[in-house]
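Hi everyone, thanks for coming. I'll walk you through one protein chain today, so have a look at it on the screen before I start talking.

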Amino acid sequence: MDTASAPADSGERVPRISTAGKRLFWKLNGPLEGAIQVAPSEYYEPGAVMEPYFGPDGSLHAVSQASLMEPPVSSQTVRVRCIDAWEELWADQHWGCHDADPSDLDTGRRGPRPDDETFEPNIYLLECCGEKQPWAYDTYLQVAAQGEFLTVHEYVSAVHPWLMAMRDTLLDVLGNLEGQPKWPPETKLAVLGLWPGSLRIGHEDKWAWWHRKPPMPRPAGDQLSPEERERRAIERAMARAAAMIRRRRHE
Ligand SMILES: [Zn+2]
């Protein structure tokens, strides 16, 4: 499965999160010391005994020195999925609010993205329904290896304080994405999944689900035809659109 999606011509493997990286149960509720537990394997099974990342004597779990990615990489750009998703959803939600009145350029409701100094910048809706357009482009962190490759510990030491500093924004955005008010400050947040370049953050109760063992593959005869897969994908997209319309009506 892993090799199937790698570029077929180059023979190089696309870096993925290593097993060491997938074993982390990484909470975002306080300082790094005490924030991480290590699962016995990359999949969580009920009853699994978690190991401490920081030992009582100050030592670090062996996964800390393992490579974050497989194959190893020397740097990584970290983005946050919910921040990116909220910018997209906001733009979708206000798509129909305004006709493209060019005079909006003068009112400041439309214009180029801040800091966009390209010759012909894209024009965005900057403000709508009393809300400012949320931006995601500048929310990222570059993490570089000190040694030969980026280790789990280099990664979590850099990313943890960065995420903690934006905890308030995360709570706000996670609420927005559900059409709900900002999540309360006492919410137990965790990194639910590390993907190359993009972190999924949510309630720590959801961590076990995101780390569940995948179901057994279907027998070959049971595979869907490409047409059937496409039909189902369209059905799902229509259901999502209908749900979004329903949600807007209730607002
Ligand atoms: Zn609007």
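Which residue in S3 does Trp26 stand opposite? Have a guess while I say one thing up front: this is a predicted model. Okay, the partner is Ile36.

Let's stay with that part for a moment. Trp26 belongs to strand S2, residues 24–27, and S2 is joined by three bridges to S3, residues 36–38, with the two running antiparallel. In that pair you can also find Phe25 standing opposite Gln37. Now look at S12, residues 189–195: two bridges join S2 to S12, and that pair is antiparallel too. Here Trp26 turns up again, standing opposite Val191.

If you're new to this, strands of a sheet pair through backbone hydrogen bonds, and they can do it parallel or antiparallel.

So let's zoom out to the whole sheet. There are seven strands in it, the sheet is open, and the pairing is mixed. Going across, you read S4, S3, S2, S12, S13, S6 and S11. At the edges sit S4, residues 51–52, and S11, residues 140–144, and each of those pairs on one side only.

Next, the helices. H2, residues 81–93, lies across S6 (75–80) and S13 (198–203), and it runs at about 50° to S6. H2 also packs with H5, residues 167–177, at an angle of about 50°, and their axes are 9 Å apart. Angles that are neither roughly parallel, roughly antiparallel nor roughly perpendicular count as oblique, and H2 and H5 are therefore oblique to each other. H2 passes H5 in a left-handed crossing.

Who meets whom there? From H2 we have Cys82, Ile83, Ala85, Trp86 and Leu89, and from H5 they meet Leu170, Val173, Leu174, Asn176 and Leu177. Sort the residues of that contact and you get nine nonpolar, one polar and no charged.

Two backbone details before I finish. Most residues other than glycine have a negative phi, and most peptide bonds are trans. Here, the bond from Glu70 to Pro71 is cis, with omega near -5°. You'll find Pro71 in the loop between S5 (69–70) and S6. And Asp115, which isn't a glycine, has a positive phi, near 70°. Asp115 is in the loop between S7 (110–112) and S8 (123–125).

Last thing: how confident is the predictor? The mean pLDDT of the chain is 88, with 88% of residues reaching 70 or more. Over residues 1–8, though, pLDDT stays under 50, and the model has four contacts for them beyond four places in sequence. Where pLDDT is low, the predicted coordinates shouldn't be read in detail.

That's me done, thanks!

Note on methods:
Residues are numbered from 1 along each chain as its sequence is written. This is a predicted model: local features need pLDDT of at least 70, side-chain atom pairs count only at pLDDT 80 or more; totals for chains, interfaces and linings use all residues. Two strands pair if DSSP finds at least two bridges between them. Helices (H or I, at least four residues) and strands (E, at least two) are DSSP runs, numbered from the N terminus. Axes are lines fitted to C-alpha atoms, for helices over the stretch in contact, and angles run from 0 to 180 degrees between N-to-C directions. Angles under 35 degrees count as roughly parallel, over 145 as roughly antiparallel, 65 to 115 as roughly perpendicular and the rest as oblique. A crossing is left-handed if the near helix is turned anticlockwise from the far one by less than a right angle, and right-handed if clockwise. Two residues are in contact if their C-beta atoms, placed from the backbone, lie within 7 Å. Ala, Val, Leu, Ile, Met, Phe, Trp, Tyr, Cys and Pro count as nonpolar, Asp, Glu, Lys and Arg as charged, and the others, Gly among them, as polar. pLDDT is the predictor's confidence in each residue, from 0 to 100.
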